[in-house]
Amino acid sequence: MFNIKGSDYRLVVAVAYRFGALYIKFVGTHAHYDAIDADTVEME
């Protein structure tokens, strides 16, 4: 999880070290982040 723009937004990513890839799983405000489970969320 990364804080963006002075912690106004949050970014949740998954890292696939084997493939050298970073997958974006969630981008949203803190309020939206509080409503999700960061361990299981997937972008739709």
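**Exercise 1. E42 and its partner**

Classify E42: is this residue buried or exposed?

*Solution.* Start with the area. E42 has a relative accessibility of 54% and counts as exposed (exposed is over 50%, buried under 20%, partly exposed in between; 1.4 Å probe, protein chains only). The model is predicted: local features need pLDDT of at least 70, side-chain atom pairs count only at pLDDT 80 or more, and totals for chains, interfaces and linings use all residues. Residues are numbered from 1 along each chain as its sequence is written, and side-chain values use heavy atoms, with hydrogens and water left out.

Next, the partner. E42 forms a salt bridge with K25, at 3.9 Å from N to O (a Lys or Arg side-chain nitrogen within 4 Å of an Asp or Glu carboxyl oxygen). The two residues sit in distant parts of the chain, 17 residues apart: E42 in the segment after α1 (30–34), K25 in strand β3 (residues 21–29). Helices (H or I, at least four residues) and strands (E, at least two) are DSSP runs numbered from the N terminus.

Now check K25 itself. Its relative accessible area is 11%, so K25 is buried. The bridge thus joins an exposed acid to a buried lysine. One more distance: K25 and V15 are 10 Å apart, C-alpha to C-alpha, with their positions 10 residues apart in sequence.

**Exercise 2. The other salt bridge**

How many salt bridges does a search of the whole structure find?

*Solution.* The search returns two. Besides E42 with K25, K5 pairs with D8, and the closest N and O atoms are 2.9 Å apart. Take the areas in turn. K5 is exposed, at 58%. D8 is partly exposed, at 36%.

Then locate K5. This residue lies in the loop between β1 (2–4) and β2. Its backbone stands out too: K5 is not a glycine, yet has a positive phi of about 55°.

**Exercise 3. A buried arginine**

Which side chain of opposite charge is nearest to R10?

*Solution.* Place the residue. R10 belongs to strand β2 (residues 9–16). The nearest side chain of opposite charge is D34, 4.7 Å away (Lys and Arg positive, Asp and Glu negative; His and chain ends not counted). R10 is buried and has no salt bridge.

Look for another polar partner. The R10 side chain makes a polar contact of 3.1 Å with the side chain of N3 (N or O atoms within 3.5 Å, one able to donate a hydrogen and the other to accept it; sequence neighbours count only through side-chain atoms).

List the surroundings. Leaving out residues up to four places away in sequence, R10 touches M1, F2, N3, F26, V27, G28, H30 and Y33 (heavy atoms within 4.5 Å).

Finish with the strands. β2 and β3 pair antiparallel over eight bridges (pairing needs at least two DSSP bridges). R10 stands opposite G28 in β3. The β2–β3 hairpin has four residues between its strands, and G20 takes a positive phi near 65° there.

**Exercise 4. The rings**

How many aromatic pairs does the structure hold?

*Solution.* The structure holds one. F26 and Y33 make this pair: 6.4 Å centre to centre, 50° between the planes, hence tilted. The cut-offs are centres within 6.5 Å for Phe, Tyr and Trp (six-membered ring), with planes under 30 degrees stacked, over 60 edge-to-face and the rest tilted. Check the burial. F26 is buried at 10%, and Y33 is buried at 17%. Both rings' residues also touch R10.
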